[in-house]
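Here's a quick briefing to read with the viewer open. Have the model on screen and follow along by topic.

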Amino acid sequence: MFITRTLPCPPPSPLALPQEALDVAHRATQFPGSSTACVLRLDAARGTLDAANLGDSGFLIVRNGQLHFQSPAMQHFFDCPLQVCAGF
């Protein structure tokens with residue numbers, strides 16, 4: 001059985017950096033747990049991509065079928081990724 005409820009969480013500004021959005025979500029967390037995370041912001045007008053990546057979550061940038069970038073994994077050691085946690 002799962003118990004869920006909606007908690008108030010102030011939304012980050014639409015112009016917020018991914019690191020700020022991840023921080024807002026982490027500070028609003030009220031239940032114990034941990035997670036890896038990957039948050040991206042694509043600004044087409046400026047032609048930029050900003051990223052906040054923690055742990056072994058990640059992203060790829062592929063253009064015309066070719067890999068241009070792969071975010072690095074952040075791990076303490078094999079199969080032990082860095083994680084954001086709350087409530088412990």
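Val62 has Leu67 in β5 as its bridge partner. Strands β4 and β5 run antiparallel and are joined by four bridges; two strands pair if DSSP finds at least two bridges between them. Helices (H or I, at least four residues) and strands (E, at least two) are DSSP runs, numbered from the N terminus.

This is a predicted model, where local features need pLDDT of at least 70 and side-chain atom pairs count only at pLDDT 80 or more, while totals for chains, interfaces and linings use all residues. Residues are numbered from 1 along each chain as its sequence is written, and side-chain values use heavy atoms, with hydrogens and water left out.

**Hairpins and positive phi**

- The hairpin of β4 and β5 has two residues between the strands, and Asn64 takes a positive phi near 50 degrees there.
- Asn64 sits in the loop between β4 and β5 and counts as exposed because its relative accessibility is 82%. The cut-offs: buried means under 20% relative accessible area, exposed over 50%, and partly exposed in between (1.4 Å probe, protein chains only).
- β2 and β3 also run antiparallel, with seven bridges joining them. Leu42 has Leu49 in β3 as its bridge partner.
- In the hairpin of β2 and β3, four residues lie between the strands, and Gly47 takes a positive phi near 70 degrees.
- Why look twice at a positive phi? Most residues other than glycine have a negative phi.
- Asp79 is not a glycine either, yet has a positive phi of about 65 degrees. You'll find Asp79 in the loop between β6 (75-77) and β7 (80-81), where Asp79 is exposed, with a relative accessible area of 62%.

**The whole chain**

- The protein chain has one helix and eight strands, in the sequence pattern α-β-β-β-β-β-β-β-β.
- Of its 88 residues, 19% count as buried.
- About 7,000 Å² of the protein chain is exposed, and carbon and sulfur atoms supply 59% of that. Accessible areas come from the Shrake-Rupley method with a 1.4 Å probe; for residues, only the protein chains shown count as cover.
- Take the contacts (heavy atoms within 4.5 Å) between residues at least 6 apart in sequence: 39% of them join residues at least 24 apart.

**Helix α1 and what it packs on**

- Which residues of helix α1 (residues 18-28) are buried? They are Pro18, Val24 and Ala28.
- These buried residues cover an arc of only 125 degrees around the axis, so they end up on the same side of α1. The arc is that of the directions from the helix axis to the C-beta atoms.
- As background, an α-helix has 3.6 residues a turn, so residues three or four places apart point the same way.
- The buried residues of α1 pack against β2 (37-43) and β3 (48-54).
- Ala51 lies in strand β3 and counts as partly exposed, because its relative accessibility is 30%.
- Leaving out residues up to four places away in sequence, Ala51 touches Pro18, Gln19, Val39, Leu40 and Phe59.
- The C-alpha atoms of Ala51 and Cys38 are separated by 7.2 Å, with the two residues 13 apart along the chain.

**The aromatic pair**

- How many aromatic pairs does a search of the whole structure find? One.
- That aromatic pair is Phe59 and Phe69, and it is tilted: 5.7 Å centre to centre, with 40 degrees between the planes. Rings of Phe, Tyr and Trp (its six-membered ring) pair if their centres lie within 6.5 Å; planes under 30 degrees apart count as stacked, over 60 as edge-to-face and the rest as tilted.
- The pair links distant parts of the chain, ten residues apart: Phe59 is in the loop between β3 and β4 (60-63), and Phe69 is in strand β5 (residues 66-70).
- Buried or partly exposed? Phe59 counts as buried at 13% relative accessibility, whereas Phe69 counts as partly exposed at 39%.

**Thr36 in its loop**

- Thr36 is in the loop between β1 (33-35) and β2.
- The side chains of Thr36 and Ser57 make a polar contact (2.6 Å). A polar contact is a pair of N or O atoms within 3.5 Å; within protein, one must be able to donate a hydrogen and the other to accept it, and residues adjacent in sequence count only if both atoms are side-chain atoms.
- Not counting residues up to four places away in sequence, Thr36 touches Leu54, Gly55, Asp56, Ser57, Pro81, Leu82 and Gln83.
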